[in-house]
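Please go through the aromatic contacts and the unusual backbone angles of the model shown here. The explanation below takes them in turn.

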Amino acid sequence: MPLSKVIIVGAGPSGLLLALLLAKAGIPVDLLEQATGLDNNPRASHYTAESCIEFERAGILDEVCAQGFIPDGVSWRRLDQDKTIMVAVRNTPGPGGHSMVCLPLHRLGMILERKVLKQDNARIFYGYKVVDIGRPEEEGKAWVKVERKGTEDEGGGVTEVREADYVVGCDGANSTIRRRLFGDDVFPGYTWDEQIVATNVYYDYLGSCGYDDSQFFVHPEHWHMVARIQTDGLYRVTYGEVGGLTYDQLKERQPAKFQAFLPGNPTPDKYKLVNFSPYKVHQRCVDKMRVGRYILAADAAHLCNPFGGMGLTGGIADVGSLYESLVGIHTGQADDSILDVYDEVRRRIWATIINPISTDNMRRLFQYSDPDEAMEKDSFFRMIKEMQERPAGAEAATKPGLPSLRYDMTQHFR
Ligand SMILES: Cc1cc2nc3c(=O)[nH]c(=O)nc-3n(C[C@H](O)[C@H](O)[C@H](O)COP(=O)(O)OP(=O)(O)OC[C@H]3O[C@@H](n4cnc5c(N)ncnc54)[C@H](O)[C@@H]3O)c2cc1C
């Protein structure tokens, strides 16, 4: 039977993208978001070729590319006087003929939000916080209990229950849907001892000092990443910090960190810091991404560190698989058991690809005592170096292909 409604909890990138795809396929969607607008914090900015395939399917790729840009490539460097390149890879076209594209997450969110609001069968409810869900073993529809924000006149303070065929938790790392399904402290995996600080900064010298669009610095103390994220000269600088420091302590240490590792050793009067966000970093994945009529996707289901941009990339691949599964059920080409395949496949991809690769991406930045040791011992660096040294090799190697994070669910249709 065609689906009469899907409730998506969380208007982050995964919830918005899923809402858009489902609505375009004729499935009515209610998107419930606890905040009163989109999140502005500095988070994802780089989307791989595989994510571009989903953007194309949702009809937003042209706008993402027009507002963003295609970075030239990425290098790994020493923190010496000349910031010498250890290895580099070019950003060449990957799956679907797409290249990695860069656009700050809140701008991607604005594109998605505008498109969702144009769909007759999709509605976004801001200020709607989900506080409870039905029991997965209950027969019939799934439901969520929401508390509405705002004044009494605006309907604030009211609690209501909403029903749907399925409820999808796209409600991020602190997911209420996940907590209600498995318990508050159940999210298997671990938190790194190290923490990171993500900043957005304008610092003119970064555009003229010979940096690539993106680079990682290998150093036991001052490991960091510098990436251009807007064409107006906005850079993302993300650096590692010791664990256990408070927000105020991290904020106080920031000027000294920049002075120690940015080119030109700038004092705060030389740059404009526009965002400062410390993050704890996790490698975690749930034991089930579907329980009855309740389904999890993206950060609500799994987390990884941001080095290498596999977080949302994995989340977008979840959305692609879940979209296909729900469309299969809606059109009668699949039954509900396809969601068990979704659960199994998405967790397998996290465990065998996303978790190990993202873990190595972060660890190689600080685990070696110096870059020479890293070049000698790290298999990824050795592989890129060998590619560069091949007779036809240029200054930078072509990026080695990543195993695919996408999974085509239509192969399980009847
Ligand atoms: C510094 C940094 C850099 C990153 N860079 C990259 C990158 O370059 N590439 C990449 O792929 N990934 C990157 N990531 C990861 C990426 O940002 C996340 O994976 C992504 O934002 C997750 O999207 P999401 O939609 O699952 O969750 P979120 O973006 O967290 O959205 C969840 C939404 O749910 C809402 N919500 C929560 N609880 C409720 C509730 N009870 N009721 C209603 N609404 C609720 C929240 O308000 C929020 O709007 C980075 C992360 C960080 C921290």
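What follows covers aromatic pairs, charges over rings and positive phi values.

The model is a predicted one. Aromatic rings are a convenient place to begin, and the count comes to 19 aromatic pairs. One of them is formed by Trp76 and Phe381, with 6.2 Å from centre to centre and 70° between the planes. Since planes over 60 degrees apart count as edge-to-face, this pair is assigned to that class. Trp76 belongs to strand E4, residues 73–77, and Phe381 to helix H10, residues 379–389, so the contact ties together parts that are 305 residues apart in sequence. Both partners fall under the 20% limit for buried residues: Trp76 has a relative accessibility of 7%, and Phe381 has 0%.

Another edge-to-face pair consists of Tyr203 and Tyr271, whose ring centres are 6.3 Å apart, again with 70° between the planes. Tyr203 is placed in the loop between strand E12 (189–202) and strand E13 (214–217), while Tyr271 is in the loop between H6 and E16; the two are 68 residues apart, and the pair links distant parts of the chain. Tyr203 and Tyr271 are both buried.

Trp76 and Phe381 also take part in a wider arrangement. They belong to one aromatic cluster, together with Tyr190, Trp192, Phe216, Trp223, Phe307, Phe366 and Phe380. Phe381 has a further contact, with a charged group: the charged end of Arg364 sits over the ring of Phe381, 5.7 Å from its centre. A second contact of this kind involves Tyr166, where the charged end of Arg293 sits over the ring at 5.5 Å from the centre.

The backbone is the remaining topic. Most residues other than glycine have a negative phi. Which surroundings go with the positive values at Asn265 and Ala298? Asn265 has a phi near 40° and is located in the loop between helix H6 (247–261) and strand E16 (272–285). Tyr271, from the tyrosine pair above, is in the loop between H6 and E16 as well. Asn265 has a relative accessibility of 43%, and therefore counts as partly exposed.

Ala298 has a phi near 60°. Its place is in the loop between strand E18 (294–296) and strand E19 (302–303). With a relative accessible area of 4%, Ala298 is buried, whereas Asn265 is partly exposed. Both positive values thus occur in loops, because Asn265 lies between a helix and a strand and Ala298 between two strands.

Methods
Residues are numbered from 1 along each chain as its sequence is written. This is a predicted model: local features need pLDDT of at least 70, side-chain atom pairs count only at pLDDT 80 or more; totals for chains, interfaces and linings use all residues. Side-chain values use heavy atoms; hydrogens and water are left out. Helices (H or I, at least four residues) and strands (E, at least two) are DSSP runs, numbered from the N terminus. Buried means under 20% relative accessible area, exposed over 50%, partly exposed in between (1.4 Å probe, protein chains only). Rings of Phe, Tyr and Trp (its six-membered ring) pair if their centres lie within 6.5 Å; planes under 30 degrees apart count as stacked, over 60 as edge-to-face and the rest as tilted. A charge sits over a ring if NZ of Lys or CZ of Arg is within 6 Å of the ring centre and within 35 degrees of the ring normal.
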